[in-house]
Amino acid sequence: MSIYDSILLGLSLVANIEAFLSLFIGIIVGVIGGAIPGLSATMAVALALPFTFAMAPINGILLLLGVYKGGIFGGSIPAILIKTPGTPASSATILDGYPMAEKGEAGRALGMALWASCTADVVSNLALIIFAGWLASFALNFGPPEFFALILFSLTIIAGVSGDSLLRGALSAIAGLLLATVGLDLVYGTNRFTFGDPNLMGGLNFIAVLIGLFAMPEVIAMAWDPTGHLGKARSLGKAWVTFADYKRCFKSIIRGSLIGVFLGSIPGIGAAPSAFLSYSEARRTSKNKANFGKGEIEGVAAAEAGNNGVAGATLIPLLALGVPGDVITAIIIGAFMIHGLQPGPMMFVLNVDIIYGLFMGLIISSVLLFFVGSVAIRGFRFVADIPKRILMPAVLILCIYGVFAVNNNIFDVGVMFAMGWLGYAMLRARIPAAPFLIAFILGPLLEDNFRQSTLMSGGDFTIFLRGPITWFFWALTIVTCIAIVRGAGRARKAQKM
Amino acid sequence: MKFTKLMSAAAFAVGLGATAAWADYPERPINMVIPYGAGGATDISARTIAEPLGSAVGKPLVMANVTGAGGATGSVAVQNARADGYTMLFARVGSHSVNPAMKATLPYTLDDFRFVTVYEINPVACAVSPSSGINSMEDLIAKVKEGGVTYSSSGVGSLLHIAAVMVLDEFGVENPLQQATHIPQKGGGAAATAVLNGTATFLCTNSSAVASFVANGQLKPIMVTTAQPVVGFDAPTANELGKPALNQLVGWTGIAGPAGLPDDVADKWGAWMAAATKDAGFLEKMQARGSVIELMDPAAANAFIRGQYTKFRALVDRLGMRIEG
């Protein structure tokens with residue numbers, strides 16, 4: 001069968017109103033779900049899953065993919081407007097998106113988020129369609145030692161998001177690492193820091209920590225000083241994103257997309273680390289380095305490109321190997337199974353129509369996302385005009401509702417408030433929250449892969465240098481660390497002068 | 001979407017006010033807790049039975065995933081719920097026979113639950129990577145004796161963990177904990193990936209979890225633990241290999257309530273399940289995924305789970321696998 005036939009077969013599945021409608025509804029649900037704090041993209045996909053059981057396989061899967069992509073973009077809306085990541089992947093967007101909103105440039109930030117998301121989406125989808133087989137076999141080379149080296153390198157992002165003080169950033173990261181150890185020990189299965197409470201056995205809920213760390217301090221600060229913000233510019237502002245902005249950020253967007261594709265195609269990492277890595281790379285290479293964290297549009301572009309770049313690429317291990325790439329694709333693989341589809345190499349032979357239908361649906365989804373996103377920005381713009389003292393109580397209620405809904409567990413709401421006070425204390429002490437979050441995500445991955453590696457080798461540490469991939473990331477880590485130390489030294493000299 | 005949340009809130013509110021005679025049970029929606037994540041084997045199984053079961057019950061079933069700690073978080077939520085039949089749990093082999101057998105500090109025991117049914121049995125298959133050069137259990141055991149063999153699991157206290165140990169033990173490997181190395185992963189997908197990419201030598205897991213890898217030729221099955229062969233798995237059964245004791249090593253899904261569940265309620269569940277499992281659509285979907293539908297009434301379900309637990313517990317105690325911390 002030629003490619004031409006395959007495409008025709010795919011078209012026969014996708015070129016109908018139901019397929020378009022499922023994709024369209026999926027994206028709308030995703031954008032709204034992502035935009036509600038606490039109701040992450042993962043939740044939105046999980047909630048949509050049962051609805052797809054009764055649909056035709058291709059429509060059901062397209063619906064879920066729409067929710068996924070919409071959700072990852074939608075998460076940037078509250079991140080920019082109210083400093084609350086709608087979904088973990090959009091935490092990096094806060095770093096520059098929220099300062100822009102404070103300056104009255106929310107519209108510009110949201111516009112750039114959409115453009116960067118859609119561009120990254122296209123790159124990611126193309127990577128899936130063209131390089132799926134190649135990237136998947138490359139990803140299979142990633143065993144625990146390779147993962148360990150990659151995660152170790154990713155931890156250097158912390159320096160890039162620490163702001164003015166590396167020491168404060170490191171402090172924040174250590175706190176994150178510490179809290180990430182709560183729960184069951186991977187290798188021995190013993191309880192760690194659970195204090196006899198069954199609720200802590202599963203570890204601290206990630207969404208609860210995320211919301212607590214970013215949204216709650218704003219709410220507490222508002223309660224502390226209800227009129228402090230009066231007189232400051234808020235509102236969406238007149239400034240919209242321009243083509244010149246897009247052109248200036250284009251390099252960062254493409255770099256972010258490629259980072260997303262790379263990290264997305266390796267199972268087990270997810271969109272949040274990719275967004276942070278893309279952000280810190282953009283900052284490192286930018287001419288406006290000093291402006292990052294203070295409302296630099298390139299930061300928003302890089303973060304959003306980094307997380308949406310993952311969305312198409314996580315389907316690479318899913319379709320080519322049958323292995324879910326992250327939490328969301330683990331849910332989507334359920335939809336495949338419900339319909340008796342077995343993702344993997346044979347699917348490219350047995351269900352070639354569905355594969356090509358999916359490819360085409362994905363391409364269409366980028367376009368639909370652009371339109372739905374544009375409308376969503378216009379709809380949510382009013383949020384920026386709502387006075388903060390009315391907005392914040394509403395945010396609080398949404399957060400409580402959302403965090404409870406993640407796991408139907410009231411304990412998580414308590415975790416959110418506790419983390420909120422910690423976040424507030426950190427805010428007052430000018431300790432950045434982003435390193436905490438990165439450490440909280442990457443810490444367990446680092447530990448697990450370290451211990452799996454040593455189990456594999458029987459305690460022999462040379463396994464961490466077992467192949468070119470590990471050498472590459474070790475070298476990268478060392479080079480980056482040297483650059484950080486030299487940068488810090490230069491900054492100190494500059495201060496003395 | 002919000003509807004289910006509203007329903008559960010409404011159900012909760014009604015529950016505070018009413019103490020009903022059991023004859024009227026159920027007079028409001030029933031909360032069904034799934035202790036594992038969306039899209040996983042338990043979730044899919046639960047949502048497939050929920051359709052015919054809902055019509056048998058006559059009241060809505062409100063499905064909620066409460067995940068964490070290998071099914072313990074959701075199980076504790078039901079353990080602490082009122083035993084009025086309005087909060088029930090989809091219990092699974094991992095949460096209710098392996099974990100209680102292995103983990104001393106688990107906040108619940110089997111005595112905290114009353115099983116009303118087991119409706120699904122999942123055969124267990126052991127598989128290796130085709131490039132490993134292992135073609136049979138015999139090859140595997142020979143390799144284990146040479147040393148350096150590893151097996152992956154979805155975590156400590158999971159079915160996969162005890163399955164690998166039990167299989168090695170049955171095949172005469174002395175001290176399987178020292179002879180082969182356990183490399184725990186986070187989740188069943190990661191466990192299969194570990195064998196795919198050579199991190200681990202083999203795994204023993206539910207046949208449905210590796211069915212797609214086997215169909216795609218990425219994994220090679222070397223044994224199934226049931227007495228009957230499993231469709232799509234070109235591998236001998238445990239009985240053919242002379243190890244019928246392994247028949248007890250199977251996955252299952254059942255429904256349980258808190259310990260004090262009244263007899264009337266349990267009987268009603270028995271009748272509902274009998275009706276629901278006859279549904280043609282349900283049977284077709286479950287069997288397509290490799291499950292064996294085997295309905296047990298409340299008494300049989302309790303006996304079956306106790307039997308499996310006792311077997312696992314004996315193995316755990318003999319090999320010193322009990323986790324005390």
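Which residues does I80(A) touch, not counting residues up to four places away in sequence? In this predicted model, the list comprises T93(A), G97(A), Y98(A), M100(A), A101(A), A106(A), A109(A), L110(A) and A113(A).

I80(A) also takes part in a wider assembly of buried side chains. The largest nonpolar core holds 273 residues, and I80(A) is one of those that touch the most other members, alongside V45(A), L64(A), I438(A), A127(B) and L203(B). The biggest contribution to this core comes from helix α7 of chain A (residues 106-139), which supplies 18 residues. From chain B, the core takes at least three residues from domain 1 (2-121 + 251-319) and at least three from domain 2 (124-248).

Two of the core residues named above, A127(B) and L203(B), lead to a pair of strands in chain B. L203(B), in β8(B), is the bridge partner of A127(B). Strand β5 of chain B (residues 124-128) runs antiparallel to β8(B), and five bridges link the two. Strand β8 of chain B (residues 202-206) is largely enclosed by the rest of the structure, because five of its five residues are buried.

The two chains meet through 43 residues of chain B and 45 residues of chain A. On the chain B side, two or more residues come from each of α2 (41-57), β2 (61-65), α3 (72-79), β7 (180-184), α8 (188-196) and α9 (207-215). By residue type, this side of chain B consists of 19 nonpolar, 18 polar and six charged residues.

Terms used:
Residues numbered from 1 in each chain as written. Chains lettered and ligands numbered in written order. Predicted model: local features only at pLDDT ≥ 70, side-chain atom pairs only at ≥ 80, totals over all residues. Buried ≥ 20, exposed ≤ 12 C-beta atoms within 10 Å, placed from the backbone. Helix = DSSP H or I, 4+ residues; strand = E, 2+ residues; numbered from the N terminus. Pairing = 2+ DSSP bridges. Contact = placed C-beta atoms within 7 Å. Nonpolar A, V, L, I, M, F, W, Y, C, P; charged D, E, K, R; others polar. Core = buried A, V, L, I, M, F, W, Y, C linked by C-beta atoms within 7 Å. Domains from an automatic or database assignment.
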